[in-house]
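Colleague: Before I use these labels, I would like to hear what stands behind them. Can we go through them one at a time?

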Amino acid sequence: MLGLMQEWPLVCHKIIDYAARQHPNREVVSRSIEGPITRSTWREVRARSLKVAQLLAREGFQPGDRIATLAWNTGRHLEAWFGIMGMGGVYHTLNPRLFPDQIAWIMNHASDRAIFTDLTFMPLVEKLAPAVESLRKVIVLTDAAHMPETALPNVVAYEEWLTEADGDFEWADVGEKAACGMCYTSGTTGDPKGVLYSHRSNVLHAMMSCMPDAMGIGARDVVLPVVPMFHANAWGLGQSGPMIGAKMVMPGGKMDGESIYELLDTEKVTFTAAVPTVWLMLLQYLEQTGNKLPHLEKVVIGGSACPRAMTEAFEKVYGVEVIHAWGMTEMSPLGSLCTMKPEYAAFTGNDLFDIKQKQGAAPFGVEMKITDDDDAELPWDGKTFGRLKVRGPAVAASYYGGDGADQFDAAGWFDTGDVAHIDENGYMQITDRSKDVIKSGGEWISSIDLENLAVGHPDVAEAAVIGLPHEKWGERPLLIVVAREGRTPSGSDILSFMEGKVASWWMPDDVTFVDEIPHTATGKIKKTALREQFEGYKLPG
Ligand code: ADP
């Protein structure tokens with residue numbers, strides 16, 4: 001027997017319709033690429049998205065067409081997203097930190113038909129456009145006055161283009177299973193792979209990410225997504241923000257400590273999210289200036305492991321709650337968040353910070369398990385680590401074009417490529433990428449644990465640990481350190497600081513210093529490059 005409730009498709013235009021109806025005057029503030037801070041509202045964002053959808057449809061773009069965006073977080077970028085989705089298209093976010101050849105490869109793989117871009121990226125788009133045969137139109141997110149000279153054909157200034165539409169348009173009826181968004185994983189190994197989000201997965205992901213024990217945001221929040229919209233959907237905030245009618249503050253292209261502080265302060269931001277590198281810059285700025293964060297209540301930190309010292313600085317010095325989170329492009333991206341269940345709610349001091357080192361528990365909609373190499377499930381005891389596998393309605397079922405099929409099994413589990421343990425209360429902790437875990441004497445050593453420990457040393461700015469081949473043990477860890485400016489710690493200083501805090505057989509065999517550690521386009525340590533750099537390095541003994 002079927003239920004007798006209404007069919008109400010979970011489609012993304014319902015989110016912007018809701019925001020415009022229930023929260024019409026709530027502001028969307030942007031640091032524009034042209035310079036000044038600009039202000040809009042959810043009502044205006046919706047009205048302008050309708051124009052985008054109307055124009056795309058009028059110009060012959062079809063439901064299912066991939067329309068790229070190569071842009072910073074701004075209100076205009078949000079309008080482009082909702083306009084593209086609203087005409088039945090698929091927004092395809094491009095990461096400008098990739099090499100131009102890689103971006104062109106990705107655009108060709110996705111057959112992008114148009115691109116919305118910022119002034120910043122015009123020189124890049126001029127290089128890309130001739131290499132992407134499917135591309136028919138370039139829309140520059142600016143006004144006529146700021147349009148640069150360009151030899152490219154079919155280029156328009158966004159504001160001028162919008163004047164050609166009146167917004168009298170019905171959102172396309174494509175159904176909740178239709179694709180609406182796309183993002184390629186950065187592909188630290190092999191070619192990038194496309195993740196194709198559906199309306200339904202985006203709506204469900206936004207709902208689950210707002211829940212009190214997830215991000216816990218509401219209409220009274222002022223939300224600053226520093227995490228870019230091109231980095232795994234700004235962790236869903238482009239959809240969850242309007243879904244709850246929050247005021248949004250969009251940082252544009254400036255992510256340095258001073259610029260972010262300015263927005264946090266003047267717009268009275270209560271909630272923000274980004275990778276650790278961004279927060280490192282903010283904390284350094286605060287330390288130098290003595291400024292405080294009186295309005296900020298919560299910061300979500302993820303994308304790579306949040307160092308303990310960072311959690312402690314936010315919580316102890318600035319009174320800001322840190323939510324450590326884990327996720328992947330393939331998961332829309334949220335997988336887990338470290339908010340406190342009753343079992344841990346009374347923890348304080350070191351006990352609390354121990355828990356906050358974990359990436360946390362899965363919200364409703366994410367199922368997790370850990371397995372050994374034979375796919376047998378491992379216990380949730382907070383110690384035994386294995387391959388982390390996930391499934392859920394906002395987790396990829398396959399990659400675009402069928403690439404990477406071996407990461408998905410018949411029961412619907414996706415192999416994340418991460419190695420983790422899960423404790424008896426369901427809190428997961430990443431111990432490594434499966435490619436980076438160090439296998440010493442048949443046992444596994446977590447490179448992330450060692451890195452976290454090393455950056456706790458006051459003279460260490462950044463640390464990376466890689467496994468080097470070893471005759472007796474198979475592999476042994478090498479610690480690679482960038483010292484803090486003006487400091488000159490010795491290797492033995494750092495090792496004695498770490499001693500006693502991990503099993504003795506985990507201790508790195510050697511420490512080496514570098515000026516810089518290479519990073520991927522999403523801000524993670526590029527271990528492949530380090531392994532090449534230190535190939536043939538002789539460990540002592
Ligand atoms: P890519 O950088 O390959 O595009 P994502 O940005 O989707 O991929 O990153 C996903 C990966 O980032 C995860 O599989 C995990 O290894 C790492 N990651 C994300 N959050 C955390 C975290 N809080 N702690 C440790 N690793 C994390």
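Modeller: What follows takes up helix packing, two backbone features and the ligand site in a predicted model.

Colleague: Why is α1 called oblique to α8?

Modeller: The axes of α1 (residues 13-22) and α8 (residues 237-244) come within 7 Å and cross at roughly 40°. Angles under 35 degrees count as roughly parallel and 65 to 115 as roughly perpendicular. The angle of roughly 40° falls in neither range, so α1 is oblique to α8.

Colleague: Which residues make the contact between α1 and α8, and what is the hand of the crossing?

Modeller: From α1 come I15, I16, Y18 and A19, which meet Q239, P242 and M243 of α8. By class, six residues of this contact are nonpolar, one is polar and none is charged. The crossing is left-handed.

Colleague: What makes α10 and α11 oblique to each other?

Modeller: Helix α10 (residues 276-289) packs against helix α11 (residues 308-318) at about 40°, with the axes 11 Å apart. Roughly parallel would need an angle under 35 degrees, and roughly perpendicular begins at 65. The pair is therefore oblique. The crossing of α10 and α11 is left-handed.

Colleague: How do you know which class of residue fills the contact of α10 with α11?

Modeller: The residues on α10 are P276, W279, L280, L282, L283, L286 and E287, and they meet M310, A313, F314 and Y318 on α11. Pro, Trp, Leu, Met, Ala, Phe and Tyr count as nonpolar, and Glu counts as charged. The tally is 10 nonpolar, no polar and one charged.

Colleague: Why is α11 also called oblique to α13, given an angle of about 125°?

Modeller: Helix α13 (residues 349-356) and α11 have axes 10 Å apart, at about 125°. The perpendicular range ends at 115, and roughly antiparallel needs over 145. The value lies between those limits, so α11 is oblique to α13. The crossing of α11 and α13 is right-handed.

Colleague: What residues stand in the contact of α11 with α13, and how do they divide by class?

Modeller: R308, T311, E312, E315 and K316 in α11 meet N350, L352, F353, D354 and K356 in α13. Six of the residues are charged, two are polar and two are nonpolar.

Colleague: What marks the peptide bond from S332 to P333, and where does P333 lie?

Modeller: That bond is cis, with omega near 15°. P333 sits in the loop between β14 (321-327) and β15 (334-337).

Colleague: What is the phi of A232, and where is the residue found?

Modeller: Its phi is positive, about 50°, although A232 is not a glycine. A232 belongs to the loop between β10 (222-225) and α8.

Colleague: How many residues surround the ligand, and which are the closest?

Modeller: There are 18, and the closest are A325, T329, D418, R433 and T522.

Colleague: What makes the pairs of the ligand with D418, R433 and A305 polar contacts?

Modeller: A polar contact is a pair of N or O atoms within 3.5 Å. A polar side-chain atom of D418 is 2.6 Å from a ligand oxygen. For R433, an N or O atom of the side chain is 2.6 Å from an oxygen atom of the ligand. A polar backbone atom of A305 lies 3.2 Å from a ligand nitrogen. Each of these pairs meets the cut-off.

Key: Residues are numbered from 1 along each chain as its sequence is written. This is a predicted model: local features need pLDDT of at least 70, side-chain atom pairs count only at pLDDT 80 or more; totals for chains, interfaces and linings use all residues. Side-chain values use heavy atoms; hydrogens and water are left out. Axes are lines fitted to C-alpha atoms, for helices over the stretch in contact, and angles run from 0 to 180 degrees between N-to-C directions. Helices (H or I, at least four residues) and strands (E, at least two) are DSSP runs, numbered from the N terminus. A crossing is left-handed if the near helix is turned anticlockwise from the far one by less than a right angle, and right-handed if clockwise. Contact means heavy atoms within 4.5 Å. A residue is near a molecule or strand if one of its heavy atoms lies within 4 Å of it. A polar contact is a pair of N or O atoms within 3.5 Å; within protein, one must be able to donate a hydrogen and the other to accept it, and residues adjacent in sequence count only if both atoms are side-chain atoms.
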